[in-house]
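The following exercises are intended for a reader who meets this structure for the first time. Each task is followed by a solution in steps.

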Amino acid sequence: MTQTTRNLVMDLEDAGCQVQYLTRDRDGTYPALFDTILADAGIEVTLTGVRMPA
(Lines give C-alpha, C1' and ligand atoms only; values in the text may rest on other atoms or scores of the structure.)
Protein backbone atom coordinates (compact mmCIF):
# COMPACT_ATOMS: atom_id res chain seq x y z
CA MET A 1 0.00 0.00 0.00
CA THR A 2 2.81 2.43 0.80
CA GLN A 3 4.53 1.91 -2.55
CA THR A 4 1.22 2.49 -4.32
CA THR A 5 0.83 5.74 -2.38
CA ARG A 6 4.32 6.86 -3.38
CA ASN A 7 3.51 6.03 -7.01
CA LEU A 8 0.29 8.06 -6.78
CA VAL A 9 2.15 11.09 -5.45
CA MET A 10 4.78 10.83 -8.20
CA ASP A 11 2.10 10.47 -10.89
CA LEU A 12 0.24 13.52 -9.58
CA GLU A 13 3.45 15.55 -9.61
CA ASP A 14 4.32 14.37 -13.13
CA ALA A 15 0.85 15.36 -14.34
CA GLY A 16 1.16 18.78 -12.73
CA CYS A 17 -1.89 18.20 -10.52
CA GLN A 18 -2.07 20.15 -7.29
CA VAL A 19 -4.08 18.02 -4.91
CA GLN A 20 -4.90 19.59 -1.56
CA TYR A 21 -7.30 17.08 -0.01
CA LEU A 22 -7.96 13.37 -0.12
CA THR A 23 -11.06 11.91 1.51
CA ARG A 24 -10.86 8.28 2.52
CA ASP A 25 -12.73 5.84 4.68
CA ARG A 26 -11.52 4.45 7.99
CA ASP A 27 -10.58 1.04 6.62
CA GLY A 28 -7.69 -0.62 8.46
CA THR A 29 -6.07 -1.34 5.11
CA TYR A 30 -4.50 2.12 5.17
CA PRO A 31 -1.40 2.16 7.40
CA ALA A 32 -0.34 5.32 9.21
CA LEU A 33 2.48 5.66 6.67
CA PHE A 34 -0.19 6.21 3.97
CA ASP A 35 -1.28 9.45 5.63
CA THR A 36 2.33 10.44 6.35
CA ILE A 37 3.38 10.11 2.71
CA LEU A 38 0.43 12.22 1.59
CA ALA A 39 1.07 14.82 4.30
CA ASP A 40 4.71 15.10 3.18
CA ALA A 41 3.40 15.82 -0.33
CA GLY A 42 1.17 18.59 1.05
CA ILE A 43 -2.06 16.61 0.80
CA GLU A 44 -4.43 16.80 3.77
CA VAL A 45 -6.26 13.54 4.46
CA THR A 46 -9.81 13.77 5.77
CA LEU A 47 -11.69 10.74 7.02
CA THR A 48 -15.32 9.94 6.34
CA GLY A 49 -17.68 9.67 9.26
CA VAL A 50 -18.11 6.44 11.14
CA ARG A 51 -20.39 4.00 9.29
CA MET A 52 -21.36 6.43 6.53
CA PRO A 53 -23.83 4.91 4.08
CA ALA A 54 -22.62 4.58 0.51
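**Exercise 1. Determine where Arg24 is placed, and whether it is buried or exposed.**

Step 1. Arg24 belongs to strand β1. The model is a predicted one.

Step 2. The relative accessible area of Arg24 is 9%. Buried means under 20%, and Arg24 is therefore buried.

Step 3. The side chain of Arg24 has a polar contact, at 2.9 Å, with the side chain of Asp35.

Step 4. When neighbours within four places in sequence are left aside, the residues in contact with Arg24 are Tyr30, Phe34, Asp35, Val45, Thr46, Leu47 and Thr48.

**Exercise 2. Describe how strand β1 is joined to strand β2.**

Step 1. Strand β1 covers residues 21–24 and strand β2 covers residues 44–47; the two run parallel and are joined by four bridges.

Step 2. Arg24 has Leu47 as its bridge partner in β2. The path of the chain from β1 to β2 leads through α2, and this β-α-β crossover is right-handed.

Step 3. Opposite Tyr21 stands Glu44, a residue of β2.

**Exercise 3. State the order of the elements along the chain and the overall extent of the chain.**

Step 1. Two helices and two strands are found in the chain. Read from the N terminus, their order is α-β-α-β.

Step 2. Along the principal axes, the C-alpha atoms fill a box of roughly 35 × 20 × 15 Å.

Step 3. The chain has 54 residues, of which 15% count as buried.

Step 4. Consider the contacts between residues at least 6 apart in sequence: 47% of these join residues at least 24 apart.

**Exercise 4. Identify the residues of the largest nonpolar core and the helices that supply them.**

Step 1. The largest nonpolar core consists of six residues, namely Val9, Leu12, Phe34, Ile37, Leu38 and Ile43.

Step 2. At least two residues of this core come from each of the helices α1 (2–15) and α2 (32–40).

Step 3. Helix α2 supplies the largest share of the core, with three residues.

**Exercise 5. Describe the surroundings of Thr5.**

Step 1. Thr5 is located in helix α1.

Step 2. The relative accessibility of Thr5 is 2%, and Thr5 therefore counts as buried.

Step 3. A polar atom of the Thr5 side chain lies 2.9 Å from the backbone oxygen of Met1.

Step 4. Not counting residues up to four places away in sequence, Thr5 touches Phe34, Ile37 and Leu38. Phe34, Ile37 and Leu38 are among the residues of the largest nonpolar core.

**Exercise 6. Classify the aromatic pair in the structure and state how accessible each partner is.**

Step 1. A pair of aromatic rings is described by the distance of the centres and the angle of the planes.

Step 2. The structure holds one aromatic pair. Its partners are Tyr30 and Phe34, with 4.8 Å from centre to centre and 50° between the planes, and the pair is tilted.

Step 3. Phe34 has a relative accessibility of 7% and so counts as buried. Tyr30, at 26%, counts as partly exposed.

Step 4. With neighbours within four places in sequence set aside, Phe34 is in contact with Met1, Thr5, Leu22 and Arg24. Arg24, the residue of the opening exercise, lies in strand β1, whereas Thr5 lies in helix α1.

Terms used:
Residues numbered from 1 in each chain as written. Predicted model: local features only at pLDDT ≥ 70, side-chain atom pairs only at ≥ 80, totals over all residues. Heavy atoms only, no water. Core = buried A, V, L, I, M, F, W, Y, C linked by side-chain atoms within 4.5 Å. Buried < 20%, exposed > 50% of the residue type's maximum accessible area, 1.4 Å probe, protein only. Contact = heavy atoms within 4.5 Å. Polar contact = N/O pair within 3.5 Å; in protein donor to acceptor, adjacent residues only side chain to side chain. Phe/Tyr/Trp six-rings, centres within 6.5 Å; stacked < 30°, edge-to-face > 60°. Pairing = 2+ DSSP bridges. Right-handed = clockwise from strand over helix to strand, strands pointing away.
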